[in-house]
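Hi everyone, thanks for coming. Let's have a look at this one together.

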Amino acid sequence: MLIIESILIFLFGLCIGSFLNVVIFRVLSGESLRGRSHCQKCLKTLRWYELFPLASFVWQKGRCRSCQEKISWQYPLVELITAVLFLLIFQHFYGNWAEMILWIVVASAFVVLFFTDLKEYILPDIIVIPLIAVLFLYRTFQSFYLGSFDFFANFVIASFLIALPFFLFYFLSKGKWMGMGDSKLIFLAGLLLGWPKILIAVMFAVFL
């Protein structure tokens, strides 16, 4: 049964990855998320059989069926990365459905943030701010539910303290040393990972 569920979650990840490609492109281009998918070159609306994750890319040999323009390798890569992340999260949090759903949502957002940062050096507030709000409320609710101030301190207070120096770097340098987006991302990661994992994550991130 676990094998069947793993296959289904992998396929689900491929589908979500296909949607994330649309989000990445339209966030960067300023285009609305509404409307059907289309070729970026000839603007022809894609048919349903051109939208199968991974399969359509292979079948069309990495080109648009209408104009023969090459399709970026970003598309199958995002789909595959998302599917693998979903599978790993599913297997790690199996049985803990609340945490699993949380990590799947955050992983999806992080895929978008990675590629927007890679392509245009931006971390869009339209993704970061709502995610911070959701994680903050979720961790606060967990703290009250567990009746544990230590839990609140490990996630919320620790996140603020870890992110604070980076916010100060931004304000003191007027954005020359570090962007505001990085500071917000560190706060977001802290709400997800908690103490001391966020410290390790920041150390690796700065080193890399």
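The largest pocket here is lined by 29 residues, and F110, F114, L185, A189 and A205 are the ones nearest its centre. A pocket, on a 1 Å grid over the protein atoms alone, is an open set of points where a 1.4 Å probe fits, with protein on both sides within 12 Å along at least five of seven lines; lining residues have an atom within 4 Å of a point. Do keep in mind that this is a predicted model: local features need pLDDT of at least 70, side-chain atom pairs count only at pLDDT 80 or more, and totals for chains, interfaces and linings use all residues. Residues are numbered from 1 along each chain as its sequence is written, and side-chain values use heavy atoms, leaving out hydrogens and water.

Which elements give two or more residues to that lining? They are α3 (74-92), α4, α7 (180-193) and α8 (197-207), where helices are DSSP runs of H or I, at least four residues, numbered from the N terminus. α4 gives the most, 10 residues. By class, the lining has 27 nonpolar, no polar and 2 charged residues; Ala, Val, Leu, Ile, Met, Phe, Trp, Tyr, Cys and Pro count as nonpolar, Asp, Glu, Lys and Arg as charged, and the others, Gly among them, as polar.

Now for α4 itself. This helix covers residues 97-120 and reaches 34 Å from its first C-alpha to its last, close to the 34 Å expected at 1.5 Å a residue (that is, 1.5 Å times one less than its number of residues). Right after α4 comes Y121, with a positive phi near 60°. Thanks, everyone!
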